[in-house]
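The exercises below are meant for a reader who meets this structure for the first time. Each one sets a task and then works through a solution step by step.

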There are 4 protein chains.
Amino acid sequence: MTTTTAHSEGHPAADPGTASPCGYSLPLSPSGKASMLTPPPWHFSGEILMVDYRVDPDAARRFLPPGLGPGADPGAAAAVFATWQWCSEDGGELADPAVCRFSEFLILLSCAFEGRPMARCPFAWVDEPVPMMRGWVQGMPKQFGAIHHTRPVAVGRAGSRLAPGGRFDGALSVHGRRLVEASVTIEHSTERAPALHDVPLAHSLVFPQWVQSDAPPRTRLVASQVSGVEFSRIWSGPGQLSFLDGPVEDFGLLSPLEVSAGHVFAYGETLHGGRLLRES
Amino acid sequence: MTTTTAHSEGHPAADPGTASPCGYSLPLSPSGKASMLTPPPWHFSGEILMVDYRVDPDAARRFLPPGLGPGADPGAAAAVFATWQWCSEDGGELADPAVCRFSEFLILLSCAFEGRPMARCPFAWVDEPVPMMRGWVQGMPKQFGAIHHTRPVAVGRAGSRLAPGGRFDGALSVHGRRLVEASVTIEHSTERAPALHDVPLAHSLVFPQWVQSDAPPRTRLVASQVSGVEFSRIWSGPGQLSFLDGPVEDFGLLSPLEVSAGHVFAYGETLHGGRLLRES
Amino acid sequence: MTTTTAHSEGHPAADPGTASPCGYSLPLSPSGKASMLTPPPWHFSGEILMVDYRVDPDAARRFLPPGLGPGADPGAAAAVFATWQWCSEDGGELADPAVCRFSEFLILLSCAFEGRPMARCPFAWVDEPVPMMRGWVQGMPKQFGAIHHTRPVAVGRAGSRLAPGGRFDGALSVHGRRLVEASVTIEHSTERAPALHDVPLAHSLVFPQWVQSDAPPRTRLVASQVSGVEFSRIWSGPGQLSFLDGPVEDFGLLSPLEVSAGHVFAYGETLHGGRLLRES
Amino acid sequence: MTTTTAHSEGHPAADPGTASPCGYSLPLSPSGKASMLTPPPWHFSGEILMVDYRVDPDAARRFLPPGLGPGADPGAAAAVFATWQWCSEDGGELADPAVCRFSEFLILLSCAFEGRPMARCPFAWVDEPVPMMRGWVQGMPKQFGAIHHTRPVAVGRAGSRLAPGGRFDGALSVHGRRLVEASVTIEHSTERAPALHDVPLAHSLVFPQWVQSDAPPRTRLVASQVSGVEFSRIWSGPGQLSFLDGPVEDFGLLSPLEVSAGHVFAYGETLHGGRLLRES
């Protein structure tokens, strides 16, 4: 897995007076190190609160781009709250805790590409700018929101243990308006990963055109390539999920028709890049 | 343990047309329920990163109010990063994860009251308004800051396990300026609680006077009354701690002269109110 | 106008080894300069968006403490959005723009003390901690919120001029939930200050008790003492105001029954302290 | 000026069951209205604090991509603080003040394209996600920061009038660390726009590649196309500018060697899209 950079850190330009500014992303700079983003791979370790639910299968289908079909379980969906630590290959970001943590909320829809089960993420929100921008590099539609979820506690009385009867809540607000509320009361644990959290994500690489052009914008369907997937034990039980009236257009199309199990677990992965599925 | 409220929720005023607005704190309102703060007890469950260090004993003494002496170990101090869940007696806040979590940084100085070991908190910062205001109710000098610390991870590569070699970092910024950076590399675990986290806190109840008065402002030295103290296993190892130049007056007086062990652990307590130690 | 401080900056303690930590407010420190708050007077210059409206007079009365009556116009109310610059007597804060600015939303109710027209502020929100804490010093029930309002523009097309037809909007969110939306379309200008912005504020000095005590908590009704009041020209026209369902108890009691004029203007004042009206 | 969208709002897909999700940007959705960004034109009205300064001309040259030369005044630079209102063509965003305002800090370097004076923006920070993402659409390297600047006041004592002797300050913090501080004391006013604020911006359209490819990434040099440029009267006087040690790589290369005049003014423009200058 390699990444294209105008010139690498290991090979500084011979003549700094004439070299071009460079970097994996904007901002470009003489050394390339001012880049807002580091190149993949990126490691992630997260604490997850997830609620499985069902949407109108027709509504779900309208969010699937050409190439993706509804798969074996049309209408299966999930709402996922996560708090992540992340770092680049060298782990450097872990030394600055103001940089290496963020929270995320996303919706997953069950789908399939050429018969292979996958998940489509029609909406996602994070609370830090680097993960937002990195989402767009992948084709993942991350916006900015306020994401909160309670976490299991080991001692004291301000929260639930990771044990039967424990209750965990999540909430998403966007532009000062509450959009999603969720809750899980765990009953038992298992080693079986929740279905929609255990399939590849299929994203659409598309970015607004800025210069006038006769060519239509290119959209590429890509699958995220991950390694090192690890799940903790999965605690599950009845879930609750509500979508509130809010300012996000089309979001209500994916409102829960039925809510089933919720899950609390830890999850780790390393994200390497994207594999082209289809170009249109 | 009872708390004084103008009228309790259980006893609504007989005549709403003439009753006074009430509440445990501002804002006062007809039902008393608009109060920003709920009355104690308050439960806390937290994840802690703590670094023991030494300050100039003379500087520490200058932060101790009348009644508190330097105790058996003058100059012993600690820097503490914490992320808390909290709730009131009925646990209601846990259902709104946007409300029941906050992060905190504080300094502790070793001291004694009438020979009993205690800790004095000369500086504290939190990132939510309710805990800030609740700090002042207790005499704890909480201000607003940006507090971040890395957390142990159970899976994945973006962080350390709670195991020998694991490294955890903390950072405090105030008004957009980095003030404190800390790090702990854990080596072993113990059941012995860090000394300064296992003694009562002695705060000064003092609040600015607003109405002109001949009487000097009253300062009361109080000890926080807690119950249900619980520690997880304590992971410890070499610590690092730096104070950076910043805008907080007198903070540099408490800079580290020597840094010893750091600790990572979970902690729970219930806070009930204050016990008067001395009035001046 | 003087302010009580344990020892003033001009009179440092003779023996720093034995002096008590001091300050206008917490945190107390050797020099007294670590105090989160500076003593009054405080200067304020603000840009204001205000909507006059009417509440149920009975509901308004239930928010008035003993000593305040409904006055000549029971049910008159106002919703006020403001963005302030502030500084202490020496103006020092103006050199740090990260410190000297904040936004505020508040409700005003018409009332009277011994026949003199005054305003009561039952709810207020700000977006910075220093003004929040300073509110409580005055008896003003400031909490934390997200306050936004559009401002007149002098050039360009992204906003309205301060001229007939100009429209200005305000919004308040609390804990990620939209609570208030307001709008004013200005039609004409005047030199007559809006009634509720031109009378003294009557606050209740009350603070939660921390130490058990037989004595009931003391509540003092105080009037804010201001000087140097300045209004710009007042631009007025039809207003709109909506209260949305939100998490703030008793707030809905003050929902608009009728909305009249809105106003856009600049306002300055200096706040010196409080005058005792009544003790109970 | 038109903008390419998969299907426009005015032409909904005939068969919603088979149409592709669409939008000007991610997120794609059935109606296309969930798009985080609206298509240009975008209107901007801003309040500006700007300081002209000089950098090492060699350092500046190292930030210029192929096609841009140092121009007639190598080493001329400016630091710009701005608070903007913005809206799309229909002005809809102005009705939500939580959406239509943001602050920005940016550096401008004097340069030239084929002999025409232009400005290059090597670094920029904003405090809202929509302007950040819109920056990348244009090739403008916007990151996230905390930007504050004092504003002229019309009444009251908490700030300066727009008049000789008035002082205005700006500050930028990134990841909790202060990076830039600036100040202007105005002495006189003029109608002559500051040179670096009155030339087109030349940006580099470049976005990280996600899918492995043999083709090198394409970089396009583009000029922003604006109309409706309006300046208020320009107030100018001696400026101050400091770069503090911070976490932004290569930023220090553009530290001030010499600081000249500062300016306070209002500015409006409409941004339509980009014109291709050169492809490499």
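## Exercise 1: A salt bridge between two chains

E230(A) counts as partly exposed, because its relative accessibility is 33%. The model is a predicted one.

Task: determine which residue pairs with E230(A) in a salt bridge, and where the two partners lie.

Solution.
- Step 1. The side chain of E230(A) meets that of R161(B) in a salt bridge, at 3.6 Å from N to O.
- Step 2. This pair crosses between chains: R161(B) belongs to the loop between β8 (146–149) and β9 (167–174) of chain B, and E230(A) to strand β13 (residues 220–231) of chain A.
- Step 3. R161(B) has a relative accessible area of 32%. Buried would require under 20% and exposed over 50%, so R161(B) is partly exposed.

## Exercise 2: Salt bridges within a chain

Task: describe the salt bridge of D73(B) with R54(B), and then that of R178(C) with E181(C).

Solution.
- Step 1. In the salt bridge of D73(B) with R54(B), the closest N and O atoms are 2.7 Å apart.
- Step 2. The two residues link distant parts of the chain, being 19 residues apart: D73(B) is in the loop between β2 (68–69) and β3 (76–88) of chain B, and R54(B) is in strand β1 (residues 42–54) of chain B.
- Step 3. D73(B) is partly exposed, at a relative accessible area of 33%, and R54(B) is partly exposed too, at 26%.
- Step 4. For R178(C) and E181(C), the closest N and O atoms of the salt bridge are 2.8 Å apart.
- Step 5. R178(C) has a relative accessible area of 5% and is therefore buried, whereas E181(C), at 28%, is partly exposed.
- Step 6. Shared partners also join D96(A), R178(B), E181(B) and R177(D) into one network of salt bridges.
- Step 7. Over all chains, a search of the whole structure finds 48 salt bridges.

## Exercise 3: The interface of chain B and chain C

Task: state how many residues meet between chain B and chain C, and which residues of chain B supply the most area.

Solution.
- Step 1. Contact joins 67 residues of chain B to 67 residues of chain C.
- Step 2. The area buried between these chains is about 5,900 Å², and carbon and sulfur atoms give 70% of it.
- Step 3. L26(B), R62(B) and W210(B) supply 16% of the area that chain B buries against chain C, more than any other three residues.
- Step 4. Two salt bridges are found across this interface. R177(B) and D96(C) meet in a salt bridge through their side chains, at 2.5 Å from N to O.
- Step 5. Eight residue pairs are in polar contact across the interface. On the side of chain B that touches chain C, α2(B) provides the largest share, six residues.
- Step 6. By class, that side of chain B has 40 nonpolar, 17 polar and 10 charged residues.
- Step 7. Chain B superposes on chain C by a rotation of 180° with 0.0 Å of shift along its axis, at an RMSD of 0.0 Å. Both copies use the same surface, as 100% of the contact residues of chain B recur in chain C.

## Exercise 4: Chain D, chain A and helix α2

Task: identify the relation between chain D and chain A, and say whether helix α2 of chain D is mostly covered or open.

Solution.
- Step 1. A rotation of 180°, with 0.0 Å of shift along its axis, superposes chain D on chain A with an RMSD of 0.0 Å. This is therefore the relation of a two-fold axis.
- Step 2. The copies meet through the same surface, because 97% of the interface residues of chain D are also interface residues in chain A.
- Step 3. In this interface, 68 residues of chain D are in contact with 66 residues of chain A.
- Step 4. The chains have two salt bridges between them, and one joins the side chains of R177(D) and D96(A), at 2.5 Å from N to O.
- Step 5. With six residues, α2(D) gives the most to the side of chain D that touches chain A.
- Step 6. Helix α2 (residues 129–138) of chain D is mostly covered, with 10 of its 10 residues buried. Among them are M132(D), R134(D) and W136(D).
- Step 7. After α2(D) comes G139(D), which has a positive phi, near 85°.

Note on methods
Residues numbered from 1 in each chain as written. Chains lettered and ligands numbered in written order. Predicted model: local features only at pLDDT ≥ 70, side-chain atom pairs only at ≥ 80, totals over all residues. Heavy atoms only, no water. Buried < 20%, exposed > 50% of the residue type's maximum accessible area, 1.4 Å probe, protein only. Helix = DSSP H or I, 4+ residues; strand = E, 2+ residues; numbered from the N terminus. Contact = heavy atoms within 4.5 Å. Buried area = accessible area lost by both parts, 1.4 Å probe. Salt bridge = Lys/Arg side-chain N within 4 Å of Asp/Glu carboxyl O. Polar contact = N/O pair within 3.5 Å; in protein donor to acceptor, adjacent residues only side chain to side chain. Nonpolar A, V, L, I, M, F, W, Y, C, P; charged D, E, K, R; others polar. Least-squares fit on C-alpha atoms with pLDDT ≥ 70 in both.
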